Amino acid sequence: MSKSGVLHRYLSVGEVAKRSGLAVSAIHFYERKGLIRSIRTDGNQRRFHRDVLRRVSIIKVAQRTGIPLAEIGDALASLPHSKAPNSKDWEKLSSRWRDDLDTRIEQLTLLRNQLGKCIGCGCLSMDDCPLRNPADQLAVEGAGARLLELDEFQDHDCKIKTS
């Protein structure tokens, strides 16, 4: 590839890192995970098409919302590699994550609301919690913080005081 030809449309790993605000090692990591792709020059240097900046932005946003890298990779794999993702692509990707994010927000809200009062009942630190788990009713459901699991919380007859 000549500098005056196709190569000028590509970025070095350092340029991608600088423009995205990520470390070079993060760019290499994303590439190893298959989230982004590069080509190699005749001198075996990595070069990234400029659309990688948009993909890296999507990865960063998704990670900030707590989406696992495997799910991000699956979502990015559904996009064509020949062009930068656009707003329609983003809508498609984000709609896949919206329901999961809503569920996690509900769980975190429940945790936040109970955090100062109790550690979730069914905990290992006490046999009986008169406020959240009278007579240790939740012990039959197993170990762990039963009231902090949304699915299990909604199936309970147990009344939780929030004040």
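# Helix packing and core: exercises

In this predicted model, α3 passes α4 in a right-handed crossing (near helix turned clockwise from the far one by less than a right angle; anticlockwise would be left-handed). Local features require pLDDT of at least 70, side-chain atom pairs count only at pLDDT 80 or more, and totals for chains, interfaces and linings use all residues. Residues are numbered from 1 along each chain as its sequence is written, and side-chain values use heavy atoms, with hydrogens and water left out.

**Exercise: the α3/α4 pair**

Task: describe how the axes of α3 and α4 are placed and which residues make the contact.

Solution. Two packed helices are described by the angle between their axes and the distance between the axes. Step one: the two axes come within 10 Å and cross at roughly 140 degrees (lines fitted to C-alpha atoms, for helices over the stretch in contact; angles from 0 to 180 degrees between N-to-C directions). Step two: α3 contributes Arg55, Ile58, Ile59, Ala62 and Gln63 to the contact, and α4 contributes Leu69, Ile72 and Leu76 (contact: heavy atoms within 4.5 Å). Step three: not counting residues up to four places away in sequence, Leu76 touches Leu35, Arg55, Ile58, Ile59 and Leu93.

**Exercise: the geometry of α3**

Task: compare the span of α3 with the expected value, then list its buried residues.

Solution. Step one: the expected span is 1.5 Å times one less than the number of residues. With 13 residues, α3 should span 18 Å, and its end C-alpha atoms are 18 Å apart, so the two agree. Step two: Val52, Leu53, Arg55, Val56, Ile58, Ile59 and Ala62 of α3 are buried (under 20% relative accessible area; exposed is over 50%, partly exposed in between; 1.4 Å probe, protein chains only). Step three: just after α3, Gly66 takes a positive phi of about 90 degrees.

**Exercise: the nonpolar core**

Task: identify the residues that touch the most other members of the largest nonpolar core, and the elements that supply this core.

Solution. Step one: a nonpolar core is a set of buried Ala, Val, Leu, Ile, Met, Phe, Trp, Tyr and Cys residues joined through side-chain atoms within 4.5 Å. Step two: the largest one has 24 residues, of which Ile27, Ile36, Ile72, Leu76 and Trp97 touch the most other members. Step three: two or more residues come from each of α1 (13–20), α2 (24–32), α3 (52–64), α4 (69–77) and α5 (87–115). Step four: α3 gives the largest share, six residues.

**Exercise: two polar residues**

Task: is Asp89 buried or exposed, and which residues does His49 contact?

Solution. Step one: Asp89 lies in α5 and counts as buried because its relative accessibility is 12%. Beyond four places in sequence, Asp89 is in contact with Leu79, Lys83 and Ala84. Step two: His49 belongs to strand β3 (residues 46–49) and counts as partly exposed, at 34%. Leaving aside neighbours within four places, His49 contacts Arg9 and Tyr10. Step three: the C-alpha atoms of His49 and Ala84 are 9.1 Å apart, across 35 residues of sequence.

**Exercise: order and confidence**

Task: give the order of the elements and say which has the lowest mean pLDDT.

Solution. Step one: the six helices and three strands run β-α-α-β-β-α-α-α-α from the N terminus (DSSP runs numbered from the N terminus: helices H or I, at least four residues; strands E, at least two). Step two: helix α6 (residues 150–154) has the lowest mean pLDDT among the elements, 51, and α2 the highest, 96 (pLDDT: the predictor's confidence in each residue, from 0 to 100). Step three: the chain averages 78, with 69% of the residues at 70 or above.
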